[in-house]
Amino acid sequence: MSTYQELFLKKRRRYRHFILFFQFFLLVFFILLWEIAARHGWINDFIFSSPERMFSAFIKMARTGEIFRHTLITLLETFVSFLFVIGCGLITAILMWSFKSLSDILEPYIVTLNSLPKSALAPVLIVWLGTGYKTIIVTAVSVSVFGTILSLYTSFAETSPEKIKLITTLGGSRKDILTKLILPGSIPVIISCMKVNIGLCLVGVIIAEFLVANAGLGYVIIYNSQIFKMDLVLLSICLLCIMAALLYKLINMIEKKLS
C-alpha cells in the first residue's frame, strides 16, 4: 500500500470517528439536558417524563416481560408486512413489465391508491376483517405497497432499450432479459424501496395498533396516553426509534452483501 493510500485511509477513519463521536455526544447531551430540566422543574416531568422515570418504567415492565412481548409483537407484524410489500411489489411490477396492456390498465388505479391517505382505509378494513392481526398487517401493507409497485415498474420500464435489443439479437428470451438484465440492474432501486418500506411498514403497524390492537407498542402508546401515563408513552416511542434504527441497519447490511 502506498503512502498516499495510507493517508487517505487514515483520513477516512478519522472522519468516521469524528462523526460517531458527535452523534454519540448529541444523544448523551440531549438525555442529560432532559433529565436536568425535569429535576430542576424547567419542564413538567408528569407531562414530559424524564430519562430516569422512563428507565424505572422499563425495569418495572421488564420484570413481568410485558415490554418485551409488546415489542416482539410490533416487530413481527412489521417484518410480515415488509415481506408482503416486497413480494407483492416485485411480482406486480414484473407482471406489469411483462404485459404492457396490464400496466396501462392498472397504472392509473395504483397511482390513485398510492395517493389515498391510508388512515382513511383503516376503519373500512376493521369492518371487513375485524380486529386482529390480519387488519394490522393489511393496513401496514397498504401504506407502502402501491408506491413500491410504481417505483419498481418505473425502474424496469426505464432499462436501456439498446441492452434489451442486444440480448434479443443474441437469441435471448423475455425471461433472459428479466433475469439477466432487468432484475440485476434494478437491485439499487429494490434496496432503496426496502429502506423506505421498512419504516413505512412500521408506521402502518403503529397506525393499525392505535385502532384495533390489544398488544404491541402502538397499543401501549394509545392506552397509556388516555390515562396520562406519559412515562410508558415516551418509553414506547424511544423503543420504536431504536427499532427503526436497527431495521434500517439490517437493510444496510443486506445492501453491503449484495453490492
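Me: Helices (H or I, at least four residues) and strands (E, at least two residues) are DSSP runs numbered from the N terminus. Under that definition, which elements make up the chain, and in what order?
Reply: The model is a predicted one, in which local features need pLDDT of at least 70 and side-chain atom pairs count only at pLDDT 80 or more, while totals for chains, interfaces and linings use all residues. Residues are numbered from 1 along each chain as its sequence is written, and side-chain values use heavy atoms, with hydrogens and water left out. The chain has twelve helices and zero strands. Read from the N terminus, the order is α-α-α-α-α-α-α-α-α-α-α-α.

Me: Why is the chain described as more spread out than a compact globule?
Reply: The radius of gyration, taken over C-alpha atoms, is set against the globule rule of 2.2 Å times the number of residues to the power 0.38. For 259 residues that rule gives 18 Å, whereas the chain comes to 23 Å, well over it, so the description applies. Along the principal axes, the C-alpha atoms fill a box of roughly 75 × 70 × 30 Å.

Me: What share of the residues counts as buried?
Reply: The share is 33% of the 259 residues. Buried stands for under 20% relative accessible area, exposed for over 50%, and partly exposed for the range in between (1.4 Å probe, protein chains only).

Me: Which residues touch the most other members of the largest nonpolar core?
Reply: They are Phe82 and Met194, in a core of 43 residues. Such a core is a set of buried Ala, Val, Leu, Ile, Met, Phe, Trp, Tyr and Cys residues joined through side-chain atoms within 4.5 Å. Among the helices that give two or more residues to this core are H4 (66–98), H10 (187–212) and H12 (230–258). Not counting residues up to four places away in sequence, Phe82 touches Met194, Asn197, Ile198, Cys201 and Ile251. A second, separate core of six residues includes Ile136, Val205, Val212 and Ala213.

Me: How many disulfides are there, and what makes Cys201 fail the rule?
Reply: The count comes to zero. The nearest cysteine sulfur to that of Cys201 belongs to Cys88, 11 Å away, whereas a disulfide needs a pair of cysteine sulfur atoms within 2.5 Å. Cys241 is also in no disulfide, since the sulfur of Cys238, the nearest, is 6.0 Å away.

Me: Why is Cys201 called buried?
Reply: Its relative accessibility is 0%, under the cut-off, so Cys201 counts as buried.

Me: What does Ser144 contact, and is it buried or exposed?
Reply: Ser144 has its place in helix H7. With a relative accessible area of 2%, Ser144 is buried. Contact means heavy atoms within 4.5 Å. Leaving aside neighbours within four places in sequence, Ser144 is in contact with Val85, Asn197, Leu200 and Cys201.

Me: What makes Ser49 and Phe228 notable in backbone terms?
Reply: Ser49 has a positive phi of about 60° although it is not a glycine, and Phe228 likewise has a positive phi of about 60° without being a glycine. Ser49 is found in the loop between helix H2 (45–48) and H3, and Phe228 in the loop between H11 and H12. At 0% relative accessibility Ser49 counts as buried, whereas Phe228, at 54%, is exposed.

Me: How do you know that Asp231 and Arg53 form a salt bridge?
Reply: A salt bridge requires a side-chain nitrogen of Lys or Arg within 4 Å of a carboxyl oxygen of Asp or Glu. The closest N and O atoms of Asp231 and Arg53 are 3.1 Å apart, so the pair qualifies. This pair links distant parts of the chain, with Asp231 in helix H12 and Arg53 in helix H3, 178 residues apart. Asp231 counts as buried at 17% relative accessibility, whereas Arg53 is partly exposed at 30%.

Me: Why is the bridge between Glu255 and Lys195 said to tie parts of the chain together?
Reply: The closest N and O atoms of Glu255 and Lys195 are 2.8 Å apart. Glu255 lies in helix H12 and Lys195 in helix H10, so the pair joins parts that are 60 residues apart in sequence.

Me: Why are Glu35 and Arg39 about one helical turn apart?
Reply: They are separated by that amount because they lie four residues apart in helix H1 (residues 3–39). Their side chains meet in a salt bridge (2.7 Å, N to O). Glu35 counts as buried at 13% relative accessibility, whereas Arg39, with 60%, is exposed. Glu35, Arg39 and Glu52 are linked in a network of salt bridges, and the count of salt bridges comes to eight.
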